[in-house]
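Reader: I want a close look at a single helix, with its surroundings, and then at the spaces and cysteines elsewhere in the model. Please keep it brisk.

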Amino acid sequence: MSAKPYQVAVIGGDGIGPEVVSAALKVLEATGIRFDFQSYDAGDACLAATGVALPEATLQGALAAEAVLFGAAGNSAADVILRLRAELGTFVNLRPAKAYAGVDCLHPATDMMIVRENTECIYAGHENVLTPEVTIATRVITVQASERIARFALDWAGQHGRTTVTAVHKANVLRKSDGLFLACCRRVAREYPALKYEEALVDSVAMRMVLDPGQFQVIVTTNLFGDILSDLAAGLIGGLGLCPSANLGPRHALFEPVHGSAPDIAGKNLANPTAAILCGAMLLRHLGEPQAAARVEGAMEQCLAAHETTGDLGGKLSTEQAAQAVIKRL
Ligand code: GGG
């Protein structure tokens, strides 16, 4: 355990973000690991109050911290979470989708990791209005980013006992951009002869994930496909409330639930904090606290198995009570 408290920047963001992050912070504090949490504003409410969605103080706080815990992005997502990912240089968005005992779901055998490229594709933000009736968006795919994400996915698979990595693309239509992405993945995969490397079209993968997700262990894909497939994967395991994610780069790390801001239930103490609490576990592992991470994950799994959870998963607990239930089982 570190002698000094870990410096963590906390950005609740919009909608249910502040509630689920508050639940996760209580669980992190209950591990006994020492943290110095610094809270920062960002998002729609911040934009309305100050004129900026991501204040400079928030950005500097995130850059200075050892890790960032983020809640949810609303309408200002492009100016907040996409900008944070870019400024922090987090080139990978690691999105696990794992089914849990006790949670009613379509596919209890699901246990996959989606490795989403986090810096380019249609998300690069090159959108233009040519005329009032014609808009264009440019899809950016580069060798550097494609090789880097392929290498990350293959390394991750090898380090976590996975045997197969699937590169997901639409190169039969997006011949140049996804053609390049695929060529990079193929080239990098040759450096990992111990792993099975496969390629599959994104539309076919969407269908196969619904029919038999157990055939996918690690998916590596471009930014937009990764975003869409990770929501699909969430649907297989019981919903978005269960899915954490880690944005990782060479110097910085930002942890955020895959879900959005859910404005319809914001402020009602109804939101499922599971994804945010599991983000806390990913954050602990990133900081070099694997035992504390495993305790949080274990306690969370026990709560889910005992139906000690929120209404979206058939439980009766509030956000706050769900966090306390995890703390009791730590
Ligand atoms: N799909 C759930 C959701 O709304 N997530 C927030 C979001 O869209 N974030 C932007 C991103 O992950 O690229």
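**Helix α8 and its surroundings**

Author: In this predicted model, the buried residues of α8 are Asn 223, Phe 225, Gly 226, Leu 229, Ser 230, Ala 233, Ala 234, Leu 236 and Ile 237. Several of these positions are three or four apart. An α-helix has 3.6 residues a turn, so residues at that spacing point the same way.

Those buried residues have many partners. They pack against the strands β4 (92-98), β5 (111-117), β8 (164-169) and β10 (218-221). They also pack against the helices α6 (177-189) and α7 (202-211).

Now the length. Helix α8 covers residues 223-237, which is 15 residues. At 1.5 Å a residue, the helix should span 21 Å. Its end C-alpha atoms are 21 Å apart, so the expected span and the model agree. Just after α8 comes Gly 238, with a positive phi of about 125°.

Helix α8 also borders enclosed space. There are two cavities of 30 Å³ or more. The largest cavity holds about 30 Å³. Asn 223 of α8 is in its lining. The other lining residues are Glu 117, Glu 120, Cys 121, Ile 141, Ala 145, Ser 146, Phe 181 and Thr 222. By type, the lining has four nonpolar, three polar and two charged residues.

The second largest cavity has a volume of about 30 Å³. Its lining consists of Arg 95, Pro 96, Ala 97, Ile 114, Ser 230, Ala 233, Ala 234, Cys 243 and Val 258. Two elements, β4 and α8, give two or more residues to this lining. Here the split is seven nonpolar, one polar and one charged.

Helix α5 makes a useful companion case. It takes in residues 143-159, a run of 17. At 1.5 Å a residue it should span 24 Å, and its end C-alpha atoms are 24 Å apart, so this helix agrees with expectation too. Its buried residues are Ala 145, Ser 146, Ile 149, Ala 150, Phe 152, Ala 153, Leu 154, Trp 156 and Ala 157. They pack against β4, β5, β8, α6, β10 and β11 (246-248). After α5 comes Gly 161, with a positive phi near 70°. Two of the buried α5 residues, Ala 145 and Ser 146, also line the largest cavity.

Trp 156 leads on to open space. It is among the residues nearest the centre of the largest pocket, with Met 113, Met 282, Arg 285 and Glu 297. The pocket has a volume of about 660 Å³. Its lining counts 26 residues. They divide into 16 nonpolar, four polar and six charged. At least two lining residues come from each of β4, β5, β11, β12 (253-255), α9 (274-286) and α10 (290-305).

Last, the cysteines. A search of the whole structure finds zero disulfides. What keeps Cys 184 from a bond? Its sulfur lies 6.9 Å from the closest cysteine sulfur, in Cys 185, and that is too far for a bond. The cut-off is 2.5 Å. Cys 184 is buried, because its relative accessibility is 0%. Cys 46 has a relative accessible area of 8%, so this residue is buried as well. The limit for buried is under 20%.

How values were computed
Residues numbered from 1 in each chain as written. Predicted model: local features only at pLDDT ≥ 70, side-chain atom pairs only at ≥ 80, totals over all residues. Heavy atoms only, no water. Helix = DSSP H or I, 4+ residues; strand = E, 2+ residues; numbered from the N terminus. Expected span 1.5 Å × (residues − 1). Buried < 20%, exposed > 50% of the residue type's maximum accessible area, 1.4 Å probe, protein only. Contact = heavy atoms within 4.5 Å. 1 Å grid on protein atoms, 1.4 Å probe; cavity = no way out; pocket = protein on both sides within 12 Å on 5 of 7 lines; lining within 4 Å. Points joined across faces, edges and corners; volume = space filled by probe spheres on them. Nonpolar A, V, L, I, M, F, W, Y, C, P; charged D, E, K, R; others polar.
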